[in-house]
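Biologist: I'm new to this one. Could you walk me through it and tell me how you know what you say?

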Amino acid sequence: MSEDSNAAVRDVVIVGSGVAGLSAAVYAARADLEPLVLEGPEPGGQLTLTTDVENYLGFPEGVGGMELIQRGKEQAERFGAEFRHGTVEGAGLEDRPFELEFANGDAVRTRALIVATGASARWVGADGEDELMGYGVSTCATCDGAFHRGDDVLVIGGGDSAMEEALFLAKFADSVTVVHRRNELRASEVMARRARDHEKIAFRWNAELLEIHGSRDDGVTGATLVSHPDGHPTGKLEASAAPRVANEVEREAVDVGGIFYGVGHVPNTGFLENTPVELADSGHLETLEGMTTETAVPGVFGAGDVMDPDYRQAVTSAGTGSMAALDAEAWLESQFGYSGSRTLAEPTAQ
Ligand SMILES: Cc1cc2nc3c(=O)[nH]c(=O)nc-3n(C[C@H](O)[C@H](O)[C@H](O)COP(=O)(O)OP(=O)(O)OC[C@H]3O[C@@H](n4cnc5c(N)ncnc54)[C@H](O)[C@@H]3O)c2cc1C
């Protein structure tokens, strides 16, 4: 057992410090539960990747993603939430209290657990995406589409999420070009038809994004696309490919003002894989039916993008974060007859 395992058992540990984790932390801290927030590999979460958030309630002029997160953290700390660096690598959820393990062997123990680990959007690996993500490259049309009124934009991908992004963007952009590495879509027929029938949406088949042009000051100004009649062109440019095949790959520079990735999200639930918590085929944390954040394991709650494959917004994540803290508080009350460490008597159950 590691050193931390001998330390006091927490009432609530929140895994993740994005909007959902912070909102849960504010509520749990205000309920005197003195939550511990484990910040994970991306302290502050996805919002730290974006410059302007225009759709979060209460900021009529918009707010920077980093600022919103910083304010949320200060708010949670003000009520007594504690933050700790560290990424959870494994979870013991079969025995009580629950135990969370870190890579270095440390562990923390907790009676209630809120999982708010988000979902990471897949990136495509184009040159320039590290620099320009949040500066004209986006993984969220609902969030950033309105910044591209009158632009020509690209959507990368061929599944339902790419079609959704394209249809949403067509409300704002002058033109939307879907770039797909094969010559047929993976999307459901109904979504594919809607996109194909839209007058503003065009398709580049057997094509991929190789490079993004622009700067953080100017945003995205263009891109280099590659195409090959047999599809998957970037693979044909790899060192292992035959030089003749590589020569058949065509490059084309296009002028665009925005690039949206619609190649899916990966929920950060790897550390839950061998636990009794249920995961959907997509990897999302399953919560029980109805308006609750409870999971199949009593005392474990889910909040934010990790349990929400559909909405994926800051405000909805904050909403489910607050719900998870309220659900955890009610559960602690029902199990241990208290709510809040400051009134803590020895637990009577579990
Ligand atoms: C570029 C971009 C722009 C966006 N713009 C907007 C916008 O304008 N408006 C809007 O409403 N939404 C926007 N979104 C979506 C919004 O950011 C997400 O819906 C929101 O951040 C989800 O919050 P979350 O707390 O559930 O997850 P995340 O923000 O993903 O946070 C997850 C947290 O979990 C932690 N974590 C992950 N794995 C572990 C682990 N194993 N152990 C410990 N911690 C872990 C991470 O470090 C992180 O702190 C945008 C997203 C992106 C990527």
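Modeller: Sure. Helices (H or I, at least four residues) and strands (E, at least two) are DSSP runs, numbered from the N terminus. Pro-97 is in the loop between strand E6 (88-92) and strand E7 (98-102), and the peptide bond leading to Pro-97 from Arg-96 is cis, with omega near -10°. This is a predicted model, where local features need pLDDT of at least 70, side-chain atom pairs count only at pLDDT 80 or more, and totals for chains, interfaces and linings use all residues. Residues are numbered from 1 along each chain as its sequence is written, and side-chain values use heavy atoms, with hydrogens and water left out.

Biologist: What makes Glu-34 stand out?

Modeller: Glu-34 has a positive phi of about 45° without being a glycine. You'll find Glu-34 in the loop between H1 and strand E2 (36-38).

Biologist: Why is the pair between Glu-39 and the ligand called a polar contact?

Modeller: A polar contact is a pair of N or O atoms within 3.5 Å; within protein, one must be able to donate a hydrogen and the other to accept it, and residues adjacent in sequence count only if both atoms are side-chain atoms. A backbone N or O atom of Glu-39 is 2.7 Å from a ligand oxygen atom, so the pair qualifies.

Biologist: And what about Asn-55?

Modeller: An N or O atom in the Asn-55 side chain lies 2.8 Å from a nitrogen atom of the ligand, so that pair qualifies too.
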